[in-house]
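Please open the structure in the viewer and keep the selection tool at hand. The tour proceeds one selection at a time.

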Amino acid sequence: METSGVEKRRGVVLVPCPFQGHITPMLQLGWILHSKGFSIHIAHTKFNSPNPSNLPHFTFLPLSDYLDGCDTSFHNLLNVMSVINTNCEAPFQEYMMKMVGEEEVCGQPVACIIYDSIMQFAEAVANRLKLPSIVLRTTTAAYMHSHNVMFQLLAENLVPLPAESQLEAAIPQVYPLRFKDLPLPATIEIPQPVLDFLHSYMDIRSSSAVIWNTMDQLDHWALQQLQQDWPVPFFSIGPFHKMAPAIPTSLLEEESGCLSWLDKQAPNSVIYVSLGSLAIIDEKKLIEMARGIAKSEQPFLWAVRPSLLNGSDAIKSLPEDFMKITQERGMVVQWTPQKKVLAHPAVGGFLTHCGWNSTLESMCEGVPLICMPCFSDQLVNARYLTYVWRVGMELENAGERSIQEAIRTLMVSEEGDAIRQRALHMKREIERSINEGGSSYDSLYRLVEFITSLPGTK
Ligand SMILES: O=c1ccn([C@@H]2O[C@H](COP(=O)(O)OP(=O)(O)O[C@H]3O[C@H](CO)[C@@H](O)[C@H](O)[C@H]3O)[C@@H](O)[C@H]2O)c(=O)[nH]1
C-alpha cells in the first residue's frame with residue numbers, strides 16, 4: 001500500500017485518553033495512519049500531555065482540562081475521566097469548528113475523528129459537526145465481551161455470588177473465564193457510578209467503526225460475539241507497536257542504563273518485572289514481591305515506578321537486604337524502555353500485571369509471562385495467556401513463595417521451556433499476521449480504504 005495512494009492528504013483527528021496504556025496505542029495508530037498518507041492531529045488533555053517535540057510529524061491541539069489541583073491518583077480515576085469529559089468538550093468543539101470551517105487552519109480536509117472509548121466528549125462533538133467518528137479500543141474483544149456477560153449476570157442476579165468458594169467456577173457464556181477472572185469482583189456489590197461508567201464505556205454509540213489493537217487469531221471468537229451487537233466495520237490491526245516501532249510515547253523518563261546491564265547477563269537468564277503505569281499495591285505486597293524475586297535466585301530487572309506504592313516512593317520502601325541482593329544480581333529502576341528490554345536476548349521471562357500493551361509487547365518478542373493481574377482487563381488477559389494461548393503461567397497468589405516458585409519454574413524447568421517454545425511460536429504467528437497477506441495487514445488495508453471513503457469535509 002503506497003502513501004501516494006491517498007491523493008490529497010486528509011486530516012484525521014485523534015483523541016487519546018491521557019494514561020500511558022491508552023496514549024501509547026493512540027500515538028502508534030497516528031504513526032501508522034500517517035505512514036499511509038493521512039495528516040495527523042492529536043487533540044490531547046494538558047494533563048499527561050504527549051511531548052510534541054518527540055512527534056514532529058503530527059500537529060497537537062492542547063485541550064484545557066482544568067485538572068490542576070485535582071487528585072489524579074488511581075483511586076480517583078473515575079472522577080478524573082468524568083472531569084475530562086465535562087471540561088474538554090467545549091475547547092475541542094472550538095478547535096474542530098475552526099478546522100472544519102476554515103480549512104486553511106490545517107490545510108487539509110478532515111476525514112474523521114478517532115477517539116479512545118473513554119473520551120466520549122469527542123464523539124458528541126463529531127455528531128454535532130456531522131463528522132464521522134471511529135472508536136479505538138485499547139484492550140481485547142474478549143475483555144469487552146466479558147463485560148457484556150457481567151452485565152447479564154448482574155441483570156439475572158447471578159452476581160454477586162453468595163460465597164467466595166464459587167469464584168473458581170467456570171462461566172459457560174465466556175468459557176474459559178471463571179468468576180474470579182471477571183473484570184469486576186464477582187462477590188461484592190459494584191457501586192452504581194462504576195456500573196454507569198462501564199455501561200457508557202462499553203458502548204460504541206454512533207461510531208462508524210471500531211479499531212482494535214488486537215489480532216483476529218487471538219480474539220476471533222469474542223470479535224464475532226461483539227459484531228452481533230455492533231454491526232459496524234471492525235478493524236483488528238494489532239499489534240500497533242510492531243507497525244510503528246520507533247515512536248517515542250513514554251510519559252516517564254526511560255532509564256536506558258538497564259540495557260547495558262542486560263548486555264552483561266546470559267541469554268534468557270533475566271526475569272523482567274513490571275506492573276505497568278497504573279496499578280498500585282500496598283507495602284506488604286511490595287515486600288512479598290521483593291522477597292519472592294530475591295529467593296528465586298534468578299537475575300532480575302524490576303521497574304518500580306514511584307507511584308506503584310500509594311502515597312510513598314516505592315523504591316525507598318524496598319527492604320535493605322533486598323537492595324543488597326540487587327547489587328549482586330539484579331537491577332531496580334523506576335521506568336525502563338520496556339519494548340527494548342523485552343527484545344533483549346538476556347530477558348527470558350516477564351512477571352507482569354498483564355496490561356494489554358505489556359502483554360502484546362511480550363508476546364511479540366516470544367517472552368513467556370508470569371501473570372499477576374491487578375484489575376479489570378488484566379484478569380481476562382491473564383486467563384487467556386495461561387489457558388488459551390498457553391504462553392503464560394498463573395500465579396497461585398501474589399505471595400512471596402508463589403512468586404519465587406513461579407520464577408524458578410518459568411526460568412529453569414522443563415515446564416518453563418515448553419511455555420517458552422509456545423511463546424516463540426506465538427511470536428512467529430504474530431509476525432505472519434502483520435506481514436503481507438496476514439490478517440492485521442489486510443485489516444489495515446481495509447481501514448485505510450474505509451477512512452478514505454468517509455465523507456468528512458471535502
Ligand atoms: O517501566 C516501564 C513500564 C511500562 N512501560 C510501558 O508502559 C505501557 C504500559 O501499558 P500496559 O501494559 O497496557 O499497562 P497500563 O499502563 O496499566 O495500561 C492501562 O491500559 C491498558 C490498555 O487499555 C490496559 O490493558 C491496562 O489494564 C490499563 O491499566 C507499555 O507500553 C510499556 O511498554 C515502559 O515503557 N516502561
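Which residues does Thr352 touch, not counting residues up to four places away in sequence? Select Thr352 and display its surroundings in this predicted model. The residues in contact are Ser274, Leu275, Ser358, Leu369, Ile370, Cys371, Met372 and Pro373. Thr352 itself belongs to strand 11, which covers residues 347–352. Thr352 has a relative accessible area of 0%; because the limit for "buried" is under 20%, this residue counts as buried. Add His353 to the selection: its side chain and that of Thr352 form a polar contact at 3.5 Å.

Next, colour the chain by domain. Domain 1 is assembled from three stretches, 5–142, 190–248 and 437–453, while domain 2 covers 257–432. Taken over C-alpha atoms, the centres of the two domains are 29 Å apart.

Now turn to the region where the two domains meet. Domain 1 brings 21 residues to the contact, and domain 2 brings 23. Together the domains bury about 1,900 Å², and 66% of this area is on carbon and sulfur atoms. Select Phe74, Leu218 and His241, which account for 30% of the area that domain 1 buries against domain 2. No other three residues supply as much.

Select Lys242 and Glu365 next. What links these two residues? They form a salt bridge, in which the closest N and O atoms are 3.4 Å apart. Between domain 1 and domain 2 the count is one salt bridge, and four residue pairs are in polar contact.

Then select the helices on the side of domain 1 that touches domain 2. Helix 1 (20–35), helix 7 (216–229) and helix 8 (240–243) each supply at least two residues to this side. Helix 1 gives the most, with four residues. Colouring this side of domain 1 by class shows eight nonpolar, twelve polar and one charged residues.

Finally, select Leu226, which is located in helix 7. Is Leu226 buried or exposed? With a relative accessible area of 0%, it lies under the 20% limit, and therefore Leu226 is buried. Leaving aside residues up to four places away in sequence, Leu226 touches Ala141, Met144, His145, Asn148, Trp212 and Phe234. Draw a distance from Leu226 to Met144: their C-alpha atoms are separated by 8.0 Å, although the two residues are 82 residues apart along the chain.

Methods:
Residues are numbered from 1 along each chain as its sequence is written. This is a predicted model: local features need pLDDT of at least 70, side-chain atom pairs count only at pLDDT 80 or more; totals for chains, interfaces and linings use all residues. Side-chain values use heavy atoms; hydrogens and water are left out. Domain bounds come from an automatic or database domain assignment. Contact means heavy atoms within 4.5 Å. Buried area is the accessible area (1.4 Å probe) that two parts lose on being put together, summed over both. A salt bridge is a side-chain nitrogen of Lys or Arg within 4 Å of a carboxyl oxygen of Asp or Glu. A polar contact is a pair of N or O atoms within 3.5 Å; within protein, one must be able to donate a hydrogen and the other to accept it, and residues adjacent in sequence count only if both atoms are side-chain atoms. Ala, Val, Leu, Ile, Met, Phe, Trp, Tyr, Cys and Pro count as nonpolar, Asp, Glu, Lys and Arg as charged, and the others, Gly among them, as polar. Buried means under 20% relative accessible area, exposed over 50%, partly exposed in between (1.4 Å probe, protein chains only).
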